Amino acid sequence: MTAPGQSHRYANPPIEEGLCQITFAQPLPWSVATPGRLHEALKGAYPAEPEAQDQVAASLQLPPNETGPTFAFNRGPQRFVFKDESGTRLLIASSHTLSVNSLRPYEGWDRLRVRLREALETVTRVTGVQPVGEVSLRYINRIVVREPRFDSDTYFRLRVRTAEDGKASFVGFLHRVESVLTDGVTNVTSTFATIDAPPEENAFLLDLDFRRPILGLADAASILEIADELKVRENAEFESSITDATRELFR
């Protein structure tokens, strides 16, 4: 298997955000003092005061009558965002999840992987060893084509079919697919869409989200091995979605 992140090296990668998230099988031992303890352990790499964020999930409820659907808003566990001095290297922790995030400019998988290992070691020291329920890897790409009109097949191997049997010009689209890989355990959500861009340009979102449920692994080495495998699969999916003309945009 190809080493993670080695298939292509781009001078200007289109990555807006890359992240690896650990979801714990059970909530971590968490109290009002935990964020402060984490900050004390992390402040060498993430010196900024952690930012508390409330998580809210919306759900659509369909009652068994004719009153129509209603929306319910549920508050999730509060999470805390730890930032480095640049504000582009993040560690996000809650009682349920832990992630390391890399904002533009992307630091590369090797460095992101190191931060993941260090994050796991720190959380283990603060909260104790906890089994993991899922490892996920997500890369959000913004690809800009500086042409007002073009054939999307020139830059993407993702089929976009417009009206009139493809003769019409696209104005906007959103293509989202959820799938399970042939290994039977890895779930992937891929989103390909148009996004806002200045006049005379076109911009596209290519969002690849890989998720691997695991059976209670707790050792960092095994978790990192899964993250490495997901990164190889993400690389392959990204490269198979674009053309050589797209790669030239990143040189």
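Q: How many helices and strands does the protein chain have?
A: This is a predicted model, and its protein chain has 4 helices and 11 strands. Buried residues account for 41% of the 251 residues. The accessible surface comes to about 13700 Å², with 51% of that belonging to carbon and sulfur atoms.

Q: What share of the contacts between residues at least 6 apart in sequence joins residues at least 24 apart?
A: That share is 67% in the protein chain.

Q: Why is Ser 136 called buried?
A: Its relative accessibility is 7%. Buried means under 20%, so Ser 136 fits the label. You'll find Ser 136 in strand 8, which covers residues 132–145.

Q: Which residues is Ser 136 in contact with, leaving aside neighbours within four places in sequence?
A: Ser 136 is in contact with Leu 19, Cys 20 and Gln 21, then with Asp 209, Phe 210 and Arg 211, and also with Leu 230.

Q: What makes helix 1 and helix 2 oblique to each other?
A: Helix 1 (residues 34–42) and helix 2 (residues 109–127) pack at about 135 degrees, and their axes are 10 Å apart. Roughly antiparallel would take an angle over 145, and roughly perpendicular runs from 65 to 115. The angle of about 135 degrees fits neither, so the pair counts as oblique. Helix 1 passes helix 2 in a right-handed crossing. On the helix 1 side, the contact is made by Thr 34, Arg 37, Leu 38, Ala 41 and Leu 42, while helix 2 brings in Thr 122, Val 123, Val 126 and Thr 127. By class, that contact has 5 nonpolar, 3 polar and 1 charged residues.

Q: How do you know that helix 2 and helix 3 are roughly antiparallel?
A: Look at the angle: helix 2 and helix 3 (residues 220–241) pack at about 150 degrees, with axes 11 Å apart. Anything over 145 counts as roughly antiparallel, so that's the name this pair gets. Their crossing is right-handed. Helix 2 makes the contact through Trp 109, Arg 113, Leu 116, Arg 117 and Leu 120, and helix 3 through Ala 220, Ile 223, Leu 224, Ala 227, Asp 228 and Lys 231. Sorted by class, the residues of this contact are 7 nonpolar, no polar and 4 charged.

Q: Why is Glu 200 called exposed?
A: Glu 200 has a relative accessible area of 54%. Exposed means over 50%, so Glu 200 qualifies. Glu 200 sits in the loop between strand 10 (187–195) and strand 11 (202–217).

Q: What does Glu 200 touch, not counting residues up to four places away in sequence?
A: Glu 200 touches Arg 146, Glu 147 and Pro 148. As for Arg 149, its C-alpha atom is 8.2 Å from that of Glu 200, though the two residues are 51 apart along the chain.

Q: What is phi of Glu 200?
A: Phi of Glu 200 is near 70 degrees, a positive value in a residue other than glycine. Most residues other than glycine have a negative phi. Glu 164 also has a positive phi, near 55 degrees.

Q: What makes Glu 164 count as exposed?
A: Glu 164 has 58% relative accessibility. The cut-off for exposed is over 50%, so Glu 164 is exposed. This residue is in the loop between strand 8 and strand 9 (174–180).

Q: Which peptide bond is cis?
A: A cis peptide bond joins Arg 104 and Pro 105, with omega at about 0 degrees. Most peptide bonds are trans. Pro 105 lies in the loop between strand 7 (97–103) and helix 2.

How values were computed:
Residues numbered from 1 in each chain as written. Predicted model: local features only at pLDDT ≥ 70, side-chain atom pairs only at ≥ 80, totals over all residues. Heavy atoms only, no water. Helix = DSSP H or I, 4+ residues; strand = E, 2+ residues; numbered from the N terminus. Buried < 20%, exposed > 50% of the residue type's maximum accessible area, 1.4 Å probe, protein only. Contact = heavy atoms within 4.5 Å. Axes fitted to C-alpha atoms, helices over the stretch in contact; angles between N-to-C directions. Parallel < 35°, antiparallel > 145°, perpendicular 65-115°, else oblique. Left-handed = near helix turned anticlockwise from the far one by under 90°. Nonpolar A, V, L, I, M, F, W, Y, C, P; charged D, E, K, R; others polar. Areas by Shrake-Rupley, 256 points an atom, 1.4 Å probe, with all protein chains shown as cover.
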